[in-house]
Amino acid sequence: MEETTTEPLRFALLGPLRAWRGDRELALGSPQQRAVLAMLLLSRGNAVGSADLVDGVWPTPPAGAVPVLRTYVSRLRKLLEPGREKGEPFRVLVSAGDGYALRTGLLSTDLADSTRAVTLAERHRDAGEGELALRALDSALADWSCPALAGVPGPFAEAARLDLAERRLGALEFRLGLEVEVGRPEAAVPELLALRDAHPLRESVSELLIVALDRCGRRTEALDAYARARRTLVDELGLEPGPSLRALHARLLDTPADSAPRPESARPDRGGTARVRPSQLPADLATFTGRGVELARVTALLTDNQGGVGSPHQVLPSGTCAVGVIDGMAGVGKTTLAVHWAHRVADRFPDGQLYVNLRGHDPSGALTDPGEAISTFLVALGVAPQAVPEGLDAQTALYRTLLADRRVLIVLDNARDTEQVRPLLPASPGCLALVTSRNRLTSLVARHGARPLALGLLSDGEARELLVRRLGAPRVEAEPEAVAAITGRCAGLPLALAIVAARAALHPRFRLADIARELSAGQGGLDAFARGDDIGSDARAVFSWSYQALSPGAAALFRRLALHPGPDLGAAVAAALAGVDRRGVRAPLAELCGASLLIQHAPGRYVFHDLLRAYAGELVAREDSAAERDTVLLRMHDHYLHTAHHASAVLAPFRETVPLTASTTDGEPLRFNDSKRAMAWLRAERLVLRSVVEHATATGRHDHAWRTAYALDLHFDRLGYWHDLMEISRAALRSARALDDPVGQAHALRSLGFGHTRFGHEEEALRHLGRALDLFRREGDAFGEARTRRALAYQANRVGRHDVSLDHYAHAGALYRSLGHRSGEAGVLNEIGWTYILLGDHQQALEHCEKAVLLQQEVGDPGGEASALDSVGYAHHHLGEYGAAVARFERAVELYREIGSSYLEADTLRHLAESHRAVGDTGPAREAWAAALALLEAAGHAEADDVRRDLRELDP
C-alpha cells in the first residue's frame, strides 16, 4: 500500500541530521541535500531565498548551483510527500517567492521540543518551582549530542553548529545553576569542574563553580578557582576577569565563611563598590491632563510589586515581577501616561529606571530587536559594551542576574507582541515592568499575570482641560462653541488635540472659531489606525489640516523625513533629505516642532510619532515621484557614506582607505576638526548608521553599503559596538556579493571574522578571515592582506598560538615595508611586542615596542605613539625598571589627552599607578588612580569598580 504524508514527520537536529515518517527512518540523500534540509528546518517556517540557500550550502558555489539546488528540493519533496498526486500542490516543502519554506505545522523536531522544555523550565524557575524546572531541563538536554548537525556540510551548518552548541551550553549552565539554588551544590560541582576544564575562558561557568564550591563549605577551593580563572584569562587573552566575576571574588573575601555569596551581579554591592543607577525615562509632559482613573489603576501595580510574603496584598507568585500593559490605538496617549506615571513613582525604585522604545509599529519597519534592547539595558546597568554577550539567551540571563535583588522600574514602550517583550521582563519581585502597545497582549496577561489597562479616548471634559492647560483658561472660555467643535473634530484623540493646540498657541491672535473652520475643511482617512470607529479619518483630518498650514519647505521636509530608515535623525541629514544647506533646514525643523508634527527629543535630534510618520509616508508616496524619492535617498546615503569616511580619516588618519566615487548629490557631508567631534558623531548615530547600512543593502545601493561599513568597522570595534559591527559586516558582505566585488567581499569578510574573534567564535573567525586573505591575495591588495594578517595574528594570540601570530605579523610587516607604509609597519612592531609580553619575554617586547615608538614619531601619529609608549612602559614595569615605566606612561597619558582618547588615557593612568605603587610612591599612585576613576565614571564604564577597589587597597 502506498505511503501517505498523514503519518507524522519528525526530524532530529541535535546530533546527526535524521528524519522519520511514523516509525520509519528516511534516507536524506547527499550531504548537500541534507544541508538544504537543515537550513529550511532551522528557518522555522520562514522562507529562505535561493541565493541564501546556495551561499549556505557551498563555501564557493559551483557553476549551475541554482539548478542543482532545485534538484535537491525536488528530491526532498518526493521524500517528504511520497503519496502526493501529480498536479496536487505541495503541502510540506512549499515555494515562497524565489525560495522555499517548510511548513512547520506538519512536522516536529527535537530542537523545538528542547526549546519548549527550556521555556517551561524558565516559567517554573520564575514561579519558585526549582525541582520542576530541573526536570524540564533534563528533558531539554536529553536529546543533545555533540556536535549538532553532525555530517552536514556548508557555511550555514558550520554557523548553526556553533549556535546550537552555545544554546546547549546555556541550558546546561541553567540546570547546574538551579542545582546550586535548590540546595544541591555538591551534585553540581563535579560537572562544573568538567565544564570549566572544557571551557576555561567562559566566566559564567567559573562563577557557578565558585558559588557551588563555597556553598559546599569549600571556601579555599573557591578562591583557588577564581585565581585559576583569572590566570587563564590574563595568560590567554591578556584581559582581567569581567566585573561580575571580580565582584564575586570580592564578596568571597568580604563575606563570612558561613554566608555563601551569590554572584556579584545578582545582589547589591556591600563592599563599597558603586553600582550604576540608570535614569532613562524621557521628559514628563508639563501639560499632562486628566487620566485620574487610569493613573489609579496603574498605581495598583505597586501593591502587586511591594506585597511581601505573607502580605494580605500579595497577588503575584513568589519571585515574580509585577507587569502592567497599557493598550490603545495610536495617538491615544499610552506613552505619555506611562512616562508621567513612571516619573510620579520613580522614588519607589531606588535602583533606577530603564526605558526603551521598541518601535513595534514603526512604519519604516525598524523594529527594536529584544537583543538590541537588552544590550542597551546592560550598558545602562554598568556592563561595558565589550562585555555584553552574544545571543539573546545569554543576554537575558545576564540582564535578569543584574536585576536580582534590585528595585528597578522598566518601561517597555510601543511593543509589537508578547514575544518581543518576554525576554525584557526581569525575574526579580522588586522590579516592575510597564508595557505599552497598540495590541492587546493577551498571552502576557495569561502567562505572566500582567494587569491590562485599555486606554480610551479623552472625555469631553478632559479634552477641554487639555486645551485649557495649553492655551490658558481665558482663551478657551471665551469661545465655548469653537472649543466644542475642535474637541468634537479631534474625537478625544490626544495627539490630534496636541497638534491643534500647537497651531493655536503659535498664533495667539487667531480666533479659535477660525481654527475650528480650518480643521473642518481637512480631509483624509488614516484608515489603518481606526479601531472600529471613525477616529482614523478624524486623525488624518487634523494632520492634513496642520500639514496644509506648513510653508512649502517645511511640508517637503515633513514628507521626506519619512524616508529616513533610522530610529531618529540629526539636523545634518535632515538638510540632506530636504536638499538644502544646514542653515536652511533650521527654520523648517523649528516649524515642524512648533506644529507638534516632529519631536526634538534631544538637542539637535528629532523623531516622529509613529502615526505622523505613517501619514508622512503616505504623503511622500503620493506627492513625490519615484525618481524624486530615489534622488532624496541617494543624497541621504551620500551624506552618511562621506561623513563616515571623514570621521574615520580624523580618528585613524593613517589607516588605508578605500576609494570613493565623487558624490553626485548635494548631500553636504559633515567634516570634523578633531577626534572628539568625530567620536561624538559616531556615538550619537550608532543605531542610525546600522540601519542605514542595512537599508542600503535592502534597496540595492550596494556600493554605499559596503563602503559605509568599511568606514565604520574599526571605530565600532574600538567603541565596543561589537553586535553592530557584526550586523553591518553581514549587510556589507551581501552587498559586495551582489556587486560581485571581490575587494568589497574581502573587506566585509575581514570585518566579520574579526567580530567573531571578539566573541570567541574561533572556527567562524578563521573561516571568514581565511577567505578574506585568499581574496586580497588574489586581487593583489597588499594593504588588505596586511590588515587581515594582523587580524589573524590577534586571533591566534587569543587562543595561545603565539608562533602562528608572530608568523602573520612577519608577513604583515613585510607587506607594509614594501608599500612604504610606515604607520602600518609601526603598528605591527607594537603588536609583535605585545605578543612577546604574552610570552613573558619582556626584553624582546621592549626592543620591538621602542622601534614602534620611533616610527610613530617619524610619521607623526600621536595615537600610535601613545599606544607604543604604553607597551614600552608595560615591558619596563615587568622588568622591574619602574622609573623608566613611569616616564613612558606619563608621556602616553599626555598624548592620549591631546587627542581626546579618554578610555585609553584611563587605561594608561592605571598602569602608571601600578608602577608608582611598586616603588612605594602611594601619593602619585593615588593621583593616577583618581584621575583614571574620574574618566571612567564620566564614561559610565564598568572598569571604574576596579579602580575604586585599587584605591581602597591603597588606603585600607
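A residue counts as buried when its relative accessible area is under 20%. Tyr710 meets this cut-off in the predicted model described here: its relative accessible area is 5%, so Y710 is buried. This residue makes a convenient starting point for a walk through the structure. Y710 belongs to helix α31, which covers residues 702–718. Setting aside residues up to four places away in sequence, Y710 touches H645, R655, E656, T657 and V658, and also H747 and R750. A further link is seen in the backbone: the C-alpha atoms of Y710 and G744 are separated by 8.7 Å, with their positions 34 residues apart along the chain.

A second buried side chain can be read in the same way. H916 sits in helix α41, residues 902–918. Its relative accessible area is 9%, so H916 falls below the cut-off and is buried. Beyond its neighbours within four places in sequence, H916 is in contact with V886 and E890, as well as with D921, P924 and A925.

With these two examples in hand, the chain as a whole can be introduced. The protein chain has 956 residues, and 54% of them are buried. Its secondary structure comes to 43 helices and 15 strands. Among contacts with a separation of 6 or more, 66% are between residues 24 or more positions apart.

How confident is the prediction, and what is the mean pLDDT of the protein chain? The mean is 83, and 89% of the residues reach 70 or more. Two stretches deserve a little caution. Residues 1–5 stay under 50 in pLDDT, and the model has 11 contacts for them beyond four places in sequence. Residues 257–274 are also below 50, and this stretch has 49 contacts in the model beyond near neighbours in sequence. Where pLDDT is low, the predicted coordinates should not be read in detail.

The strands offer a good next stop. An open sheet of 4 strands has the order β3-β2-β1-β7, and its pairing is mixed. The edges are held by β3 (24–25) and β7 (107–109), each of which pairs on one side only. Strand β2, residues 18–21, runs antiparallel to β3 and is joined to β3 by 2 bridges. Within this pairing, W20 stands opposite E25 of β3.

Another open sheet has 3 strands in the order β4-β6-β5, with antiparallel pairing. Here β4 (48–49) and β5 (93–96) each have a single partner strand, so one side of each is left without a neighbour in the sheet. Between β5 and β6 (residues 99–102) there are 4 bridges, and the two strands run antiparallel. V94 faces A101 of β6 across this pair.

Further along the chain comes strand β10, residues 409–415. Is β10 largely enclosed or left open by the rest of the structure? Of its 7 residues, 7 are buried, so β10 is largely enclosed by the rest of the structure. Strand β9 (residues 353–357) runs parallel to β10, with 5 bridges between them, and β10 is likewise joined by 5 bridges to the parallel strand β11 (residues 432–437). One residue of β10 illustrates both pairings: L412 stands opposite V356, and its bridge partner in β11 is V435.

The spaces inside the model complete the picture. The second largest pocket holds about 230 Å³ of space. Among its 18 lining residues, A572, R605, L670, W681 and E685 are the closest to the pocket centre. Helices α25 (571–578), α28 (626–651) and α29 (675–684) each supply at least two residues of this lining, and α29 gives the largest share, with 4 residues. By class, the lining of this pocket comprises 10 nonpolar, 3 polar and 5 charged residues.

Turning from this pocket to enclosed space, the count of cavities of 30 Å³ or more comes to 3. The largest cavity holds about 60 Å³. Its lining includes L561, H564, G566, P567, D568 and L569, together with L598, Y606, V607, F608 and R613. These lining residues divide into 7 nonpolar, 2 polar and 2 charged.

Notes: Residues numbered from 1 in each chain as written. Predicted model: local features only at pLDDT ≥ 70, side-chain atom pairs only at ≥ 80, totals over all residues. Heavy atoms only, no water. 1 Å grid on protein atoms, 1.4 Å probe; cavity = no way out; pocket = protein on both sides within 12 Å on 5 of 7 lines; lining within 4 Å. Points joined across faces, edges and corners; volume = space filled by probe spheres on them. Nonpolar A, V, L, I, M, F, W, Y, C, P; charged D, E, K, R; others polar. pLDDT = per-residue confidence, 0-100. Contact = heavy atoms within 4.5 Å. Pairing = 2+ DSSP bridges. Buried < 20%, exposed > 50% of the residue type's maximum accessible area, 1.4 Å probe, protein only.
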